[in-house]
Amino acid sequence: MLRFLILFSLLIHSCVAPPKTKAAAGALPAKKWLTLSGKEPAVVARGGFSGLFPESSATANDLAISSSSPDLTMLCNLQLTKDGAGFCLSDIRLDNSTTISTFLPKGQKTYKVYGQNLKGWFALDYSADTIFSNVSLVQNIFSRPSIFDGQMSIAAVEDVLDAKPPKFWLSVQYDAFYMEHKLSPAEYIRSLRFSGINVISSPEIGFLKSIGKDARRAKTKLIFEFKDPETNEPTTNKKYSEILLNLAAIKAFATGIIVPKDYIWPIDSAKYLKPPTTVVTDAHKAGLEVYASGFVNDMLTSYNYSFDPSAEYLQFVDNGQFSVDGFISDFPPTASQAISCFAHQKRDTPKIGKTLVITHNGASGDYPGCTDLAYQKAVDDGADVIDCSVQMTKDGMAFCLDSTDLIPTTTAATTLMTRATSVPEIQSKNGIFSFDLTWAEIQSLKPQIQSPFLAADGFPRNPKNKNAGKFMTLADFLNFSKTKAVTGVLINVQNAAYLASKKGLGIVDAVKSALTSSKLDKKVLIQSDDSSVLDSFKAVPQYTRVLSIDKEIGDAPKPTIEEIKKHADAVNVLRSSLVTISQSFATGKTKIVEAMHKGNISVYVSVLRNEYLSITFDYFSDPTVELATFIAGNGVDGVITEFPATATRYLRSPCSDLYRELSFAILPAKAGTLVSVASKEAQPPASAPNPPLDAKDVMDPPLPPVANLATNNASGGAPPASLRSGTIDTTANLSLSLMAMLAFGLLLCAGA
């Protein structure tokens, strides 16, 4: 137990320690809320931090209190033992959330609960001593950590009250059932004298009426909970949908209502939002508060939210029409940050700090990557730098697309599969490659959104727009960037050596020509995994050269840093090179950022995504906490993301400034502390550290000359000698080459 308390204190400190302050900042302007009271919505933690730890365990409760808004309300779902003791657990059956089936394998029974026969292990069959002394908790949702199973005790109601949460909410779900078996939730609550209980809720009208007088005397709010609209309420036997039509009647015995979130913002069968209902405004007119339930970070909801849980909360409180009075959430820190940090944020709010928000194929989480729609969405979302990964066509057109293989990003597989070939120099599997097609052929295709978690996990991205948008040439991309409010562009150059030697395509020359022709007066980042490509841009010192390190590394020794400095001003590293991951837990932090910064090399981290499947448990399945960990915790200079809206919203929030005095801050996670809370036997096995980046891994052979394959390109349009990038012609390329040679000669003379 002592070991557990020590480890847990480390976890609390690393996640929620108060930020250091340079000086007290001025108070933020008061927000105006459309809640019934005009005050900010409440954050109600269902079973503590049940999205991470087993429901209502001491650990879940303590972390919820420490990591959420100061006025957090702790919700306990009441269950009763056969001798009348109360404890906190949502499901009346214990087998899915405790170890009781292992302890008492023959204890299974069947009871009729509200007209349905339920089979399982029920609390009313066991004494308090059996429950508290012999049974422990498990996580009952499979997408959540299981390494804490069997290590945490079931919490008595009194235990939760003793933890002194700011506010306490007791939910009574099964009064009629317990009363049938001679157990009274009302009498149990009276035995507590309502002490410390701020709110009591129930889906049963009879129960709320039975304790109304005592609750009013104790100044305890009573809340009526709506269940599925077609389910019958036990007291009146009316459907909840029918009761909803007469909210004035509810006001007679309750001060508010709980409704599932779909009651307010319904979702259609395709998982897009429908127009809101009038539930909140109708309830407010009747003088009732409205609490929305069912909020989690680890479940696919509506595509309108772009897999960002904070966006969902904001839809309920910051829509300009109404605001719910509170959320019931399994992830209370996310609800807290939505309310305290992001609500009422203006689009023109300047970002805090110097961290760049760099796109990965534009806003490719919402639209097919590298299309006009993805780039426009990225601009609208406040991205600092938009990117173009340059590909070449057979007839010499430079255009933007994530990969030279068209299968993942276009509809090529449906119409051009006969053109598939094997190019082992680029990838191990067959592909349909842009350099084997003309620009006209590529324009005959449609873009296709990439969904990295579709095949294995069934998580598609924005299916309504999966083929929306138009391809953009590099010239079009640069002209687009000139007219938009972005700081700059990132041009990613891939496969230059192969294209030059095997296809007679000079991608480096095409990029240089396009940039010169565009006369772009913004920041230009040239990225490549080939140091020779970066060297070819040395003559333009205003360009920032970025070395892409596409493999996991664990360290960057000084000789490697010195070699990188010869070729690049910045590096783009994988997330897993900065924070090591094992079985969805962050297990360690490298010193790569510190080492690069000592060498005056900027660090960009990639690729950040919103889907909880890509986010470790340490980040609370929340992309914003991951951003805070890399930006505030690791000090990266830029984040490369497919969802720029999430990153810019974080950086515009005062909560991203850890030196500011605020009641709530979004703090970085500390790798290794969460996993250490589990018992040694349950922890994932230690993985071998990532290898250091060796200096020889940075050095690449010089780029080969562009081969003259004109005789082999008879059907491919213009020959490679006149490679086209937008409107640049051979004369412009030749002039540039002569100027570069002249400049080089002058430098040699000066050096002599």
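Here is a walk through some parts of this predicted model, from its broad layout down to single residues.

Let's start with the wide view. The UniProt record, in an unreviewed entry, lists "domain: GP-PDE" for residues 41-339 and for residues 355-651. Take residues 41-339: this part of the chain is 28% helix and 19% strand. Its two end C-alpha atoms sit 7 Å apart. Now take residues 355-651, with 32% helix and 19% strand. Here the end C-alpha atoms are 8 Å from each other.

Now let's zoom in on one residue, Thr98. You'll find Thr98 in the loop that runs between strand E3 (86-88) and helix H3 (100-103). Is Thr98 buried or exposed? Its relative accessibility is 4%, so Thr98 counts as buried, the cut-off being under 20%. What does Thr98 touch in there? Leaving out residues up to four places away in sequence, its contacts are Leu89, Val135, Ser136, Leu137, Val138 and Ile154. The side chain of Thr98 has polar partners too. It reaches the backbone oxygen of Leu94 at 2.7 Å, and one of its polar atoms lies 3.2 Å from the backbone nitrogen of Ile100.

Another threonine to look up is Thr59, which is part of helix H2 (residues 58-67). With a relative accessible area of 3%, Thr59 is buried. Follow the chain for 94 residues from Thr59 and you get to Ser153, yet the C-alpha atoms of these two are separated by 9.7 Å.

For a contrasting stop, go to Glu681, in the loop between helix H28 (673-676) and helix H29 (695-698). Glu681 has 72% relative accessibility, so it counts as exposed, the cut-off being over 50%. Glu681 and Pro460 are 221 residues apart in sequence, and from C-alpha to C-alpha they are 36 Å apart in space.

Next, let's see how some helices sit against each other. Two packed helices are described by the angle between their axes and the distance between those axes. Try helix H19 (residues 474-482) and helix H21 (507-518) as a pair. Their axes come within 10 Å and cross at roughly 35°, and the crossing is right-handed. Which residues make the contact? From H19 come Leu474, Leu478 and Lys482, and from H21 come Ala510, Val511, Ala514, Leu515 and Ser518. Sorted by class, that gives six nonpolar residues, one polar and one charged.

Further along the chain, helix H26 (residues 623-633) and helix H27 (residues 644-652) have axes that come within 10 Å and cross at roughly 65°. This crossing is right-handed as well. On the H26 side, the contact is made by Pro623, Thr624, Leu627, Ala628, Ile631 and Ala632. On the H27 side you'll see Thr646, Ala647, Arg649, Tyr650 and Leu651. By class, the contact has eight nonpolar, two polar and one charged residues.

Helix H20 (residues 496-503) is worth a visit too. Its buried residues are Ala496, Tyr498, Leu499 and Ala500. What covers them? The cover includes two strands, E13 (385-392) and E15 (488-493), along with helices H21 (507-518) and H22 (531-535). Just after H20 comes Gly504, with a positive phi of about 65°.

That brings us to the backbone itself. Most residues other than glycine have a negative phi, and most peptide bonds are trans. Some spots in this model go the other way. Lys219, in the loop between helix H9 (212-218) and strand E8 (221-225), has a positive phi near 60°. Lys219 is exposed, with a relative accessible area of 76%. Ser584 also has a positive phi, near 70°, and its place is the loop between strand E19 (579-582) and strand E20 (585-589). At 34% relative accessibility, Ser584 counts as partly exposed.

Last comes a peptide bond. Ser606 and Val607 are joined by a cis peptide bond, with omega about -15°. To find it, look in strand E21 (residues 602-608), where Val607 lies.

Terms used
Residues are numbered from 1 along each chain as its sequence is written. This is a predicted model: local features need pLDDT of at least 70, side-chain atom pairs count only at pLDDT 80 or more; totals for chains, interfaces and linings use all residues. Side-chain values use heavy atoms; hydrogens and water are left out. Helices (H or I, at least four residues) and strands (E, at least two) are DSSP runs, numbered from the N terminus. Buried means under 20% relative accessible area, exposed over 50%, partly exposed in between (1.4 Å probe, protein chains only). A polar contact is a pair of N or O atoms within 3.5 Å; within protein, one must be able to donate a hydrogen and the other to accept it, and residues adjacent in sequence count only if both atoms are side-chain atoms. Contact means heavy atoms within 4.5 Å. Axes are lines fitted to C-alpha atoms, for helices over the stretch in contact, and angles run from 0 to 180 degrees between N-to-C directions. A crossing is left-handed if the near helix is turned anticlockwise from the far one by less than a right angle, and right-handed if clockwise. Ala, Val, Leu, Ile, Met, Phe, Trp, Tyr, Cys and Pro count as nonpolar, Asp, Glu, Lys and Arg as charged, and the others, Gly among them, as polar. UniProt positions are given in the numbering used here, feature names are shortened, and annotations may be inferred rather than shown by experiment.
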